[in-house]
Every structure is written in C-alpha cells, then in structure tokens.
Amino acid sequence: MRRRSITLAIGAVLVGIILATAIVSFFWLPYPPSDIGGGRLAPPSAAHLAGTDKLGRDLLTQLMIGARIALQVGAGSVAIGGVLGIALGLATAFAQRWLDDGLSAVLDVLIAFPTLLVAMLVVAASGASLGSAILAIGLAMSAVVARLTRILAKRVLSLDYITAARVSGTRWPGLILQHVLPNIWPTVVVNLALQFGLAVLAEASLSYLGLGSPPPNASWGSILQEAQGTVLVAPIGAVAPGVLLVVLVIGVNLVADGLRDVGDPTRRGRA
C-alpha cells in the first residue's frame, strides 16, 4: 500500500510541475510569444534560459505555452469524450437487445480506427485550430469510453440487487444515479486519466503534422517539428518538448494507477 501511495505521489508531482508551469504562463512569460529579437539558435544563457529557436524566439516561452496547450487539450478532450462516452454507454446498456447490438457494432467500428486518424479527418474537415483538435480528439475518445461504460453498466445491471430494485419500482434514472454510476466510476475515472495522456500525445502528433494550434501558440509537437532540422546545432529545441511530453504522460499514468488502487477495494490490501 505504501508503494502505491508513493506511485500516486510521484505522479502527482510530475503532473503538478506541468500544471504549475501552465498556470504561470497565463500571467507571466519571459518574452512575448512573437518576439524574435533573441538571435537565431542562441544557446542557453542568462537572457534565454533554454536558448532560442531558429526564428529567434525564446524557447522557454514556447515550452511554457506548450504546457498550457497540452493541459487544455487533455482536459477539454477528456470532458467531451467523458460526457459523450458515458452517456452513450449508459444508453446502450439500457437499450433493447437489437439496439444494443447495433450500437455496440458501431462502437466497435469506431474503435477500430486509430484516434489520430479520426482526429486528422475531423481537423482536416473543420480547419486546423486548438478548438478543432480538442473536439476531434474528444470525439475519437468517446467511443472507447462508451464501450467501457456499457460493459461495466451491463455487469452492474445483471446483479441481483438491481433486479430487486427494478421490481420495487425504481426507474432507470434512479438506477443510474443510485447504483450504476457509484459502482463504475472508479474504473471510468482511471480510464479517463489514461485517455488524458493519449489526448496529449494525439495533439502533439497533430501539431507535428501542422494540424494543431496555429502560431504564435506553440504546441510541443510544433516545437519538435520546427527543431528537427537543427537538432545537431541546437538539440535542446528537440529534446525539451519530448522530455516534457514524457514527463506529463508518465505522471498521468502514475496518477491513474494510484487512483485505480484507491477506487478498487480488492487492490488496497495487496502488497
């Protein structure tokens, strides 16, 4: 149990570092995002702690904005995917047999498509922007959440005390609020935490391909794409965003693992 507490704490610290950086970026940045007066590919110095990029912009400023965008995309995508996925999953679980089978087949087809591919199609149709990226990733994520919610809700609905509640006259809104959601939320929350990390990676991939947040807002993916041509001259531009992505995703995964242990009573007493 102590090991799991340490795991949760480490994950919280890693995510907290990125979160603190993103919050600070709303109120203070070392330089304006469009300032190109730092000189091209300048090495780290007192004036530019992380150096500058090939346009002369302060790299630390770009990385701080990237942290903000990563968390915005992660939170927004999880909110959209969670709301749509849980609602669709519950509707499928309570549906008639033929409708349940049809919706399940549709979800299987959607899940078969990679999240990045679905996001690329949506962004290509609506135009590259931060809002489009959040919407696209959230929609792609909702199918995974819906399928998990359906499976968990079906399992709960098959229990004897649910049958007794139905016989006693409890309607489906009461079943959802009193019995289904309280029993499935630990697993769903853990899955949403994992989806958060996948959403951050998907947004970085979209930005790397030029389909993410447009300039002057710098995503970690776009920073990495711009720095790949000068990686031998100024490696920090390519290394720093990659390291930050790894830190955030690992931190989120550790938090998800800790939340799973907290929410699952069968795991609490294990060594």
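**Exercise 1.** In which loop, between which helices, is the place of Trp28?

*Solution.* The model is predicted, so to locate features one starts from its conventions: local features need pLDDT of at least 70, side-chain atom pairs count only at pLDDT 80 or more, and totals for chains, interfaces and linings use all residues. Residues are numbered from 1 along each chain as its sequence is written, and side-chain values use heavy atoms, with hydrogens and water left out. Helices are DSSP runs of H or I with at least four residues, and strands are runs of E with at least two, numbered from the N terminus. Trp28 lies in the loop between helix H1 (2–27) and helix H2 (59–94).

**Exercise 2.** State how many helices and strands the protein has, and where confidence is lowest.

*Solution.* The protein has 10 helices and zero strands. pLDDT is the predictor's confidence in each residue, from 0 to 100. Its mean is lowest in helix H10 (residues 265–268), at 50, and highest in H2, at 90. The average for the protein is 82, and 91% of the residues score at least 70.

**Exercise 3.** Identify the charged residue over the face of Phe26.

*Solution.* A charge sits over a ring if NZ of Lys or CZ of Arg is within 6 Å of the ring centre and within 35 degrees of the ring normal. Arg68 lies over the face of Phe26, at 4.6 Å from the ring centre.

**Exercise 4.** Give the share of buried residues.

*Solution.* Buried means under 20% relative accessible area (1.4 Å probe, protein chains only). Of the 271 residues in the protein, 42% are buried.

Note on methods: Buried means under 20% relative accessible area, exposed over 50%, partly exposed in between (1.4 Å probe, protein chains only).
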